[in-house]
Amino acid sequence: MTEEKRNASIERNTGETQIKLALDIDGEGTTTLDTGVPFMNHMLDLFAKHGQFNLSVQANGDIDVDDHHTTEDIGICLGQVVKEALGTKKGIKRYGNAFIPMDETLAQVVVDLSNRPHLEFRAEFPSQKVGTFDTELVHEFLWKFALEARMNLHVIVHYGHNTHHMIEAVFKALARALDDATMIDPRVKGVPSSKGML
């Protein structure tokens, strides 16, 4: 199989946000992040490093209102570049599963790059905020990411009581599961689906 470049970039401008985002799936975990939302900078940095993705995000949003639009739109852009970077999905493993412990927390993320968007989210965070970040935005980000990447995404926090640890474990598990699902498997000829397409 010839080596295809698996990267993509996007520029998205709305009345609420202006975002430039670039992703290289076969990266080294390097990041350039300026989202205006410190907690998202932290989570995206973890996501890139633990998934071995190169990720650049520059976002300007209406964070004077709250972090909602910026977080949501980053999820949209990230999903779109993942979909574009994977192209035809020839040779990928398609499925990924990761368990990540973080002190008292255990999170699991399961991914199917199926072209059927769905988020199953089984996590209850004890706190409504981590710093200034609204924890309900984790669901918003993941749903928009799954929708735009057209992936089946299952997120389960099995247990935990520190909200920061729980969210961090989710993002690390997402990274590892997505890294697994996007890997090229030399045994896979064409697209890993009986339908012949994903």
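## Starting point: what "partly exposed" means

Partly exposed means a relative accessible area between the buried limit, under 20%, and the exposed limit, over 50%. Lys 93 has a relative accessible area of 34%, so this residue falls in the partly exposed class. One thing to keep in mind throughout: this is a predicted model.

## Lys 93 and its partner

What does Lys 93 pair with? Its side chain meets that of Asp 180 in a salt bridge, 2.6 Å from N to O. Lys 93 sits in the loop between α2 (68–86) and β5 (95–102), while Asp 180 belongs to helix α4, so the bridge ties together parts that are 87 residues apart in sequence. Asp 180 counts as partly exposed too, with 22% relative accessibility.

## A bridge at the start of the chain

How many salt bridges does the model have? The count comes to 11. Another one of them joins Arg 6 to Asp 26, with the closest N and O atoms 2.7 Å apart. Arg 6 lies in the segment before β1 (7–13), and Asp 26 is in the loop between β2 (17–24) and β3 (31–34), so this pair links parts that are 20 residues apart in sequence.

Are the two partners buried or exposed? Arg 6 is buried, at 9% relative accessibility, because the cut-off for buried is under 20%. Asp 26 comes out as partly exposed, with a relative accessible area of 40%.

## A charged network between α2 and α3

Now for helix α3, where Lys 144 forms a salt bridge with Glu 140 and the closest N and O atoms are 2.6 Å apart. Both residues lie in α3, four residues apart, which is about one turn of the helix. Lys 144 and Glu 140 are both buried.

The pair has company: salt bridges that share partners join Glu 72, Glu 140 and Lys 144 into one network. Glu 72 is placed in helix α2 and is buried as well, with a relative accessible area of 15%. Leaving aside residues up to four places away in sequence, Glu 72 touches Glu 140 and Lys 144.

## How α2 sits against α3

The axes of α2 and α3 come within 7 Å and cross at roughly 25°, which means the two helices are roughly parallel. The crossing of α2 past α3 is right-handed. On the α2 side, the contact residues include His 68, Thr 71, Glu 72, Gly 75, Gly 79 and Lys 83. On the α3 side they include Leu 137, Glu 140, Phe 141, Lys 144 and Phe 145, so members of the salt-bridge network take part in this contact.

What is the mix of residues here? The contact of α2 with α3 divides into eight nonpolar, five polar and five charged residues.

## How α3 sits against α4

Helix α3 (residues 137–149) also packs with helix α4 (residues 163–182), at an angle of about 15° and with the axes 12 Å apart. That makes α3 roughly parallel to α4, because angles under 35 degrees count as roughly parallel. In this case the crossing is left-handed.

Which residues make the contact? From α3 come Val 138, Phe 141, Leu 142 and Phe 145, and from α4 come Ile 167, Val 170, Phe 171, Leu 174 and Leu 178. By class, that contact has nine nonpolar residues, with no polar and no charged ones. Phe 141 and Phe 145 turn up in the α3 contact with α4 and also in the contact of α2 with α3.

Conventions: Residues numbered from 1 in each chain as written. Predicted model: local features only at pLDDT ≥ 70, side-chain atom pairs only at ≥ 80, totals over all residues. Heavy atoms only, no water. Axes fitted to C-alpha atoms, helices over the stretch in contact; angles between N-to-C directions. Parallel < 35°, antiparallel > 145°, perpendicular 65-115°, else oblique. Left-handed = near helix turned anticlockwise from the far one by under 90°. Contact = heavy atoms within 4.5 Å. Nonpolar A, V, L, I, M, F, W, Y, C, P; charged D, E, K, R; others polar. Salt bridge = Lys/Arg side-chain N within 4 Å of Asp/Glu carboxyl O. Buried < 20%, exposed > 50% of the residue type's maximum accessible area, 1.4 Å probe, protein only.
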